[in-house]
Amino acid sequence: MASSLRSLVNDDSRYQKCFQLFLERSSEHQSMRDFIHNVLPDILGSIGNGKSHLNIIGVGSGAGEIDLEMLSELRLKYPEVTVDNEVVEPSGTQLQKYKGTIFMSLVSQKPALDYIKFSWNQMTAIEFEEHCKAKKTTKKADFIHMIQMLYYVKDPGATVNFFRSLLDKNGKLLIILVSGESGWEKLWRTYRTQLCNTEISQCVTTGDIKSLLDGQRVSYRSYELPSQMEITECFTDGDEKGELLLDFLTEVLDFSKTASPELKAGVLELLRHPDCSVESNGKVIFNNNLGVIVIDQLT
């Protein structure tokens, strides 16, 4: 990352505003929900065989919306099992939202969550790894999901390998990241040195993770999830929402104000390029396609 630019992840308040706008403008969560309800049940088909209790770890769970969707599908698949759900999330704001959602669900009893024991870990994936190694007696997990979080670790391959090591027999590790065929990949490939934070991986796609797994001869299944994001306001100078979206796309704090005129012009030109976006009815629609990787623990 250019020395004059600050990473968006260093300002959690700004990041949360950008992220909420991203969710409003993108079809990302809907794409994930379609996958969870239509494909995930078959993936989970073997983890509960003969078990009355399942251990689950959510890494980078955010506010829990997607976690709870997966837990509801798991409940439909295995209505008799109880669940230990270990939540790993560094943002206190997001954890409070997650807890608030559970509280409201328990109050309304739709759906009942009393079969789940939640454990809260306000920490990064790396801190959780250190915590587990310090305990020396880490319980095995039947299902681990890492959704849109490998951007924020220094070594994605090492992080994936650690969580793979926590899987019990027939366990599944689910990874969701932006696709190697998305607009993000084109943006990062072009401006990696200027935009990407060298302290974390940040500019990583499912294509990168597949290459790592292929190099280790680890078998996996992969899926592509179509997703899009409207970024029209990015091209109106001084537009508040456009500036939030630009911060999110570049992962740079106050990108419009701190990037050089040349970098800003180049990024905007690329975002509008057919490699990244399509224009329809006066709107610019960014390719936000996602990729899913599923790793099975067979032994």
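This is a short tutorial dialogue on reading the predicted model shown above.

User: Where should I begin: how many helices and strands are there in the protein chain?

Analyst: A good place to begin, and please keep in mind that this is a predicted model. The protein chain has twelve helices and ten strands.

User: What does the radius of gyration tell me about the protein chain?

Analyst: The idea is to set the value beside that of a compact globule with the same number of residues. For 299 residues that reference is near 19 Å, and the protein chain has 20 Å, so the two agree. You can also picture a box along the principal axes: the C-alpha atoms fill roughly 60 × 45 × 35 Å.

User: How do I read burial, and what share of the residues is buried?

Analyst: A residue counts as buried when its relative accessible area is under 20%. In the protein chain, 54% of the 299 residues are buried. Looking from the outside, the chain exposes about 13800 Å², with carbon and sulfur atoms supplying 50% of that area.

User: And what share of the contacts joins residues 24 or more positions apart?

Analyst: Take the contacts with a separation of 6 or more: residues 24 or more positions apart account for 80% of them.

User: Now the charges. How far apart are the mean positions of the positive and negative ones?

Analyst: There are 32 positive and 41 negative charges, and their mean positions lie 5 Å apart.

User: How many salt bridges does the count come to?

Analyst: Here we look for a side-chain nitrogen of Lys or Arg within 4 Å of a carboxyl oxygen of Asp or Glu. By that rule there are 14 salt bridges. One of them joins the side chains of E233 and R25, at 2.6 Å from N to O. This pair links distant parts of the chain, with R25 in helix α1 (residues 12-25) and E233 in the loop between β7 (228-230) and α10 (240-250), 208 residues apart.

User: Is E233 buried or exposed?

Analyst: E233 counts as buried because its relative accessibility is 16%.

User: Which residue forms a salt bridge with D142?

Analyst: That is K51, with the closest N and O atoms 2.2 Å apart. D142 sits in strand β4 (residues 141-147) and K51 in the loop between α3 (40-43) and β1 (53-59), 91 residues apart. The two partners read differently for burial: D142 is buried at 3% relative accessibility, whereas K51 is partly exposed at 28%.

User: What does the salt bridge of K139 with D84 tie together?

Analyst: First the distance: the closest N and O atoms of K139 and D84 are 3.0 Å apart. K139 lies in the loop between α6 (125-135) and β4, and D84 in strand β2 (residues 82-88), so the pair ties together parts 55 residues apart in sequence. K139 is partly exposed, at 40% relative accessibility, while D84 is buried, at 17%.

User: Which residues are linked in a network of salt bridges?

Analyst: Look at R14, D247 and D254, which are linked in such a network.

User: Could we finish with one residue: where does K241 lie, and which residues is K241 in contact with, leaving aside its neighbours within four places in sequence?

Analyst: Happily! K241 lies in helix α10 and is partly exposed, with a relative accessible area of 40%. Beyond its neighbours within four places in sequence, K241 is in contact with L21, R25 and E233. R25 and E233 are the salt-bridge pair from earlier. For a sense of span, K241 and S165 are 76 residues apart in sequence and 42 Å apart in space, C-alpha to C-alpha.

Note on methods
Residues numbered from 1 in each chain as written. Predicted model: local features only at pLDDT ≥ 70, side-chain atom pairs only at ≥ 80, totals over all residues. Heavy atoms only, no water. Helix = DSSP H or I, 4+ residues; strand = E, 2+ residues; numbered from the N terminus. Rg over C-alpha atoms; globule rule 2.2 N^0.38 Å. Buried < 20%, exposed > 50% of the residue type's maximum accessible area, 1.4 Å probe, protein only. Contact = heavy atoms within 4.5 Å. Areas by Shrake-Rupley, 256 points an atom, 1.4 Å probe, with all protein chains shown as cover. Lys, Arg positive; Asp, Glu negative; His and termini not counted. Charge placed at Lys NZ, Arg CZ, Asp CG, Glu CD.
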